[in-house]
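Please find below my comments on the model, set out as numbered points. They deal with the pockets and then with a patch on the surface.

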Amino acid sequence: MVVQVGGGVRALTRAGVPLLYGYGEHDMCDSGRGQILVPWPNRIADGSYRFGGVERQLSLTEPERHNASHGLVSWARWDLRERCADRLVVGMVLAPQPGWDWILDVSTEYALTRDGLSITPKVTNLGSQPAPFGYGAHPYLTAGEARVDDASLHVPARSRLLVDPERLLPSLDAEPVPVDGALDLREPRPLGQTALDLAYTDFEADPDGCWRVRLSHADRSTVLWAQADAFPWAQVFTGDPLPGKLSRASGVAVEPMTCPPRAFESGRDLITLQPGGTWTARWGIQG
């Protein structure tokens, strides 16, 4: 089910079985569930970045860590643009605002297929100047586990990014390091007490050019897939710091991303959308 506020997925089931840990029809989204992260995913330290020779200052939407987090469209009103029995398109126009000088048309197509839900974002620069851009999404997968501890996870990534545990930020010159120990999930591994809030990269793609992260419990599995050439990063989050009963008990966030944390500052994998230029890619969820 797609929501008007933020344009993301609130809930997804297959044969009545939840594939996402979402939220109720009359509830407000919490913990970023299902949200679209545009024009940047993850975090910008101090909300400050330089682009085109100009310093800009964003609002600090993660004040406890002094970061600008998860972009500018999560709480915007999206409009229904197209709808039929197995497909709908929602969209909005991201206008200039403090710390952001550009105009982007942002849309998402949600299509039900034989295999699950296919999601196709599309972003076009409507302005006259090049715009910095990154995309991410924030679904929480579930396979029927009562707690994350009870599930197994497969993340086919060879590397991860080291971050400061207090602010969850990498240094600007940080290079990915090989996965090891409990953080090496290239083979399915029971999560147990492993805590994750990491940006993985260097994915092993399947023959169709997509990587797949699989959460499993008992005889069930939920899979998030994404085009490897468009999404070289994925944040994986086990929900440890979530409040109260949500801590480690409300799914595993698997966030396909075009760029890592601090990309607006470091430039790593940052996309520059030229005037009139369009970016699009595909990802999806299967169960």
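**Notes on pockets and surface**

1. In this predicted model, strand S10 gives the most to the lining of the second largest pocket, with 3 residues. Strand S10 spans 104-112, and S1 (13-14), S8 (79-84), S9 (87-94) and S11 (116-125) likewise each supply at least two residues of that lining.

2. The second largest pocket holds about 440 Å³ of space. It is lined by 20 residues, of which Met 1, Ala 11, Leu 12, Leu 112 and Leu 117 are the closest to its centre. Sorted by class, the lining of this second largest pocket has 13 nonpolar residues, together with 3 polar and 4 charged ones.

3. The largest pocket encloses about 630 Å³ of space. Its lining comprises 27 residues, and those closest to the centre of the largest pocket are Ser 31, Gly 32, Glu 62, Ser 69 and His 70. The lining of the largest pocket divides into 11 polar, 9 nonpolar and 7 charged residues.

4. Turning to the surface, Val 5, Met 28 and Trp 75 make a nonpolar patch of about 370 Å². Of these residues, Met 28 sits in the loop that runs between strand S2 (17-18) and strand S3 (35-37).

5. Is Met 28 buried or exposed? Met 28 has a relative accessible area of 66%, and therefore counts as exposed, the cut-off for that class being over 50%.

Methods: Residues numbered from 1 in each chain as written. Predicted model: local features only at pLDDT ≥ 70, side-chain atom pairs only at ≥ 80, totals over all residues. Heavy atoms only, no water. Patch = residues over 30% accessible without salt bridge, like charges linked within 9 Å, V, L, I, M, F, W, Y side chains within 5 Å. Areas by Shrake-Rupley, 256 points an atom, 1.4 Å probe, with all protein chains shown as cover. Salt bridge = Lys/Arg side-chain N within 4 Å of Asp/Glu carboxyl O. Helix = DSSP H or I, 4+ residues; strand = E, 2+ residues; numbered from the N terminus. Buried < 20%, exposed > 50% of the residue type's maximum accessible area, 1.4 Å probe, protein only. 1 Å grid on protein atoms, 1.4 Å probe; cavity = no way out; pocket = protein on both sides within 12 Å on 5 of 7 lines; lining within 4 Å. Points joined across faces, edges and corners; volume = space filled by probe spheres on them. Nonpolar A, V, L, I, M, F, W, Y, C, P; charged D, E, K, R; others polar.
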